[in-house]
Amino acid sequence: SLEDKESVGATQIRVLRSTVLRVTQFQTESCCDRLTVNGRTYSGNTGPVNVAVAAGTTIGWSTDYSVTYPGFTICSGGVATRAPSRAPTRAPVTSPGYFQVTAATPSSTTCYTTSSGTCFTDGSGN
């Protein structure tokens, strides 16, 4: 969409339980849409694939709303665990959820959790 370029939206997503991020979709505007995880910024077609995040981590999302792309959906890939002398395995996803949207400016920013908090998305594009 050709919305006001001065408009900026920002959202914070809190990680409730340690997990590895599984990106199911990631296509944002390279110049002006930013997802920040563990201090690293992702944009364009490069999302945080298989990035481990600890409980209490804040993930940031910002957009200028100038151009609409398909957006992103990121889910928990389960908890990375290690068994003695075996390769890492992933525990199944269980309740409660992994993510919670804690702050959004403006309040109409479309970033929300889905699948009982096991995923978060910016909806159908920003």
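Which residues touch the most other members in the largest nonpolar core? In this predicted model, that core holds 17 residues. L21, L35, V37, I59, F72, F99 and F120 touch the most other members. At least two core residues come from each of β1 (9-15), β2 (19-27), β3 (34-37), β6 (58-63) and β7 (71-76).

L35 was examined in detail. Beyond its neighbours within four places in sequence, L35 contacts F26, R40, T41, Y42, P48, I59, G60, W61, F72, I74 and F120. Two of these contacts, F72 and F120, also pair with each other, as described below.

An open sheet is built from five strands. Their order is β5-β2-β7-β12-β11, and the pairing is antiparallel. β5 (52-53) and β11 (112-114) are the edge strands, each paired on one side only. Six bridges join β2 and β7 in the antiparallel sense. Q27 has G71, in β7, as its bridge partner.

Five aromatic pairs are present. One of them joins F72 and F120 in an edge-to-face arrangement. The ring centres lie 5.9 Å apart, with 75 degrees between the planes. This pair links distant parts of the chain: F72 belongs to strand β7 and F120 to strand β12 (residues 119-121), 48 residues apart. F72 counts as buried because its relative accessible area is 0%, under the 20% cut-off. F120 is likewise buried, with a relative accessible area of 0%.

One aromatic cluster comprises F26, W61, F72, Y98, F99 and F120. Y98 also meets a charge: the charged end of R17 sits over its ring, 4.2 Å from the ring centre.

Terms used. Residues numbered from 1 in each chain as written. Predicted model: local features only at pLDDT ≥ 70, side-chain atom pairs only at ≥ 80, totals over all residues. Heavy atoms only, no water. Core = buried A, V, L, I, M, F, W, Y, C linked by side-chain atoms within 4.5 Å. Buried < 20%, exposed > 50% of the residue type's maximum accessible area, 1.4 Å probe, protein only. Helix = DSSP H or I, 4+ residues; strand = E, 2+ residues; numbered from the N terminus. Contact = heavy atoms within 4.5 Å. Pairing = 2+ DSSP bridges. Phe/Tyr/Trp six-rings, centres within 6.5 Å; stacked < 30°, edge-to-face > 60°. Lys NZ or Arg CZ within 6 Å of the ring centre and 35° of its normal.
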